[in-house]
Amino acid sequence: MKALAVSSVAVLAVAFAATTQAQQYQMPMYPHYAGADAMFWELDPDRGSSADSVGLRVNGGMKFNDYLAAEAHLGTGGSDGTVDLEYLVGAYAKGILPVSQEFRLYGLAGFTEVDFDADSESGFSYGGGAEFDVAPNLAVGADYMRYLDESAYTFDAASIGVRYRF
């Protein structure tokens, strides 16, 4: 009887340790992240022809919990001959919907300043995207942002890239 009790306690202790160890590996918390994206942007005026090109966007942020983060974007580059994107810079609140352990949907809302070669504008921005973990601290993702929605034009971008969490 004493051997059975000792064996039961030992099995429970090993099971608890294994469960605790598995939870540590399944649920790492990396509050900061940084990434780089290819940014496919389009400037669409109400009158005239649109301009589109490919630029580079870097982003970074901090998760406060599984559902809320703050994020910043810095983008540049690309020209279709008539319009050059000098830079864009923005700050956003990020709402996160964890679909599974490895897959998340998110929405962004905030403020962006965009500087084209001939004009500079700023305003409210919004968008959404998805991320998929390929390693415990590495994810691939894609999003679509409406950076500016002015009375004379809109400026949108679709991006695809990687995020590193630390």
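Rings of Phe, Tyr and Trp (for Trp, its six-membered ring) pair if their centres lie within 6.5 Å; planes under 30 degrees apart count as stacked, over 60 as edge-to-face and the rest as tilted. By that rule, the structure holds six aromatic pairs.

## Basis of the model

This is a predicted model, in which local features need pLDDT of at least 70, side-chain atom pairs count only at pLDDT 80 or more, and totals for chains, interfaces and linings use all residues. Residues are numbered from 1 along each chain as its sequence is written, and side-chain values use heavy atoms, with hydrogens and water left out.

## Overall make-up

The protein has one helix and eight strands. Helices (H or I, at least four residues) and strands (E, at least two) are DSSP runs, numbered from the N terminus. Along the sequence the pattern is α-β-β-β-β-β-β-β-β.

Of the 166 residues, 32% count as buried. Buried means under 20% relative accessible area, exposed over 50%, and partly exposed in between (1.4 Å probe, protein chains only). The accessible surface comes to about 9300 Å², and 65% of it belongs to carbon and sulfur atoms. Accessible areas come from the Shrake-Rupley method with a 1.4 Å probe; for residues, only the protein chains shown count as cover. Contact means heavy atoms within 4.5 Å. Among contacts between residues at least 6 apart in sequence, 51% join residues at least 24 apart.

## Strand β3 and its neighbours

Strand β3 covers residues 68-76. It pairs with β2 (residues 51-63), antiparallel, through eight bridges. Two strands pair if DSSP finds at least two bridges between them. A hairpin of four residues joins β2 to β3. V58 has L74 of β3 as its bridge partner.

β3 also pairs with β4 (residues 85-98), again antiparallel, over eight bridges. Here E71 has Y92 of β4 as its bridge partner.

In a regular strand the side chains alternate between the two faces of the sheet. β3 shows this alternation. A69, E71, H73 and G75 point to one face and are buried. L68, A70, A72, L74 and T76 point to the other and are not buried.

## The nonpolar core

The largest nonpolar core has 21 residues. Such a core is a set of buried Ala, Val, Leu, Ile, Met, Phe, Trp, Tyr and Cys residues joined through side-chain atoms within 4.5 Å. W41, L43, V114, F116, Y147 and F155 touch the most other members. Strands β1 (32-45), β4, β5 (103-116), β7 (138-149) and β8 (153-165) each supply at least two residues of this core.

Leaving aside residues up to four places away in sequence, Y147 touches a list of residues that includes M39, H73, Y92, V114 and F155.

## Aromatic pairs

W41 and F155 form one pair. Their ring centres are 5.8 Å apart and their planes at 45°, so the pair is tilted. W41 lies in β1 and F155 in β8, so the pair ties together parts that are 114 residues apart in sequence. W41 is buried, at 1% relative accessibility. F155 is buried too, at 0%.

F155 also pairs with F116. These ring centres are 5.2 Å apart and the planes at 80°, so this pair is edge-to-face. F116 is in β5 and F155 in β8, 39 residues apart. W41, F116, Y147, Y153 and F155 form one aromatic cluster.
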